[in-house]
Amino acid sequence: MKRVMFIGLWISLCVLAACSSHKSEDDAQTLYSGNIRIAVDESLRPIMEEELQVYTALNPEAVVTPVYCSEVEAVNLLMKDSVRLAVTNRALTERELQSFHTRKFFPESVRMAVSGLALIVNRQNPDSLLTVDQFRRVLLGEVTRWEQLNPDSRLGELQLVFDNPNSGTVRFAIDSICKGQPIASAVKAQRTNEAVIRYVSETPGAIGVIGVNWIGNDADSTRLSFNQSVRVMAVSADTAETTGDACRPYQAYLALRKYPLTHDVYILINDPRGALPTGLMTFLTGDRGQRIILKSGLVPATQPVRLVDVKDDF
């Protein structure tokens, strides 16, 4: 009996110590110092790495550890209070907000940037234009071969490749393109955007679906060219395959919402004490953080931008 009581007491002490440690970490935080983890949708990894590099240089007493994961995982970490801040391609839903409210938490969804989905194909693929309706039919499995899109194509089977089944790109495709219908089971997943780019660069018949943040050409400071290992497709909102309104995801077309696969990027924050997560959010939505977004090829959400006219040739 004494042994059982001892074990119970030991477990209780361990739990109290863990809670005390978590509380002390929270207490040690300020707007500009402390140690936190944040969750980030993997499709936004390039921009967040740039942001955190500058942020930690300006705030040497702040240690921010990013967890790059799927959108579903990022939101779940926030819901479980494992992180106080997440960066995703959507805002919190009413159901998620209600779950927080029942626990007396009042999180926010703050617009950080404008981004979108990019469709990429192999450099050897001559087809560089797709309509939204064609893309929907590919997603639903109604189109499985290239000749169904272009009778002159000799590429054969069409392979559609995403990053992760739980990613924000898949969720956007289902919600905004398929109107809630599930995508075809034959769609492949490569886990990361980087892996999708590599797969498409090696597979002539593939179409990759990735975050716009991944297609930039690092050698081009103007951000008017794309990753040279793949070809970025133009997308038309018209039902007919014409070049009338087709465009690629250049920054200007994202800002004007002319590119049909445009969406917002959000900071999801639940920081009742107003500590380091709030300090990071303030940086990301402030002048310095928004200028980094502008240089990355995405569109700042809280700062005015000067648009560069682009002539999209097909």
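Helices (H or I, at least four residues) and strands (E, at least two) are DSSP runs, numbered from the N terminus. With that in hand, let's explore this predicted model, where local features need pLDDT of at least 70, side-chain atom pairs count only at pLDDT 80 or more, and totals for chains, interfaces and linings use all residues. Residues are numbered from 1 along each chain as its sequence is written, and side-chain values use heavy atoms, with hydrogens and water left out.

**Exercise 1. Locate Arg 90 and find its partners.**

Step 1: Look in the loop between strand 3 and helix 4 (94-102), where Arg 90 is found.

Step 2: Decide whether Arg 90 is buried or exposed. Buried means under 20% relative accessible area, exposed over 50%, partly exposed in between (1.4 Å probe, protein chains only). Arg 90 has 16% relative accessibility, so it counts as buried.

Step 3: Search for salt bridges (a side-chain nitrogen of Lys or Arg within 4 Å of a carboxyl oxygen of Asp or Glu). Glu 71 forms one with Arg 90, their closest N and O atoms being 3.6 Å apart. Glu 71 lies in helix 3 (residues 71-79) and Arg 90 in the loop, so the pair ties together parts that are 19 residues apart in sequence.

**Exercise 2. Follow the chain of charges from Glu 71.**

Step 1: Check the accessibility of Glu 71, which is buried at 2%.

Step 2: Find Arg 171, whose side chain meets that of Glu 71 in a salt bridge (2.9 Å, N to O). This pair links distant parts of the chain, with Arg 171 in helix 6 (residues 168-177) and Glu 71 in helix 3, 100 residues apart.

Step 3: Compare another pair: Glu 142 and Arg 137 form a salt bridge with closest N and O atoms 4.0 Å apart. Glu 142 is partly exposed at 44%, and Arg 137 is partly exposed at 26%.

Step 4: Put the shared partners together: salt bridges join Glu 71, Arg 90, Glu 96 and Arg 171 into one network.

**Exercise 3. Work out which face of helix 10 is buried.**

Step 1: Pick out the buried residues of helix 10 (287-296), which are Gly 289, Gln 290, Ile 292, Ile 293 and Ser 296.

Step 2: Look down the helix axis, taking the arc of the directions from the axis to the C-beta atoms. The buried residues fall within an arc of 150°, so they line one face of helix 10.

Step 3: See what covers these residues, using contact (heavy atoms within 4.5 Å). The cover includes helix 2, strand 4, helix 8 (251-255), helix 9 and strand 12 (299-300).
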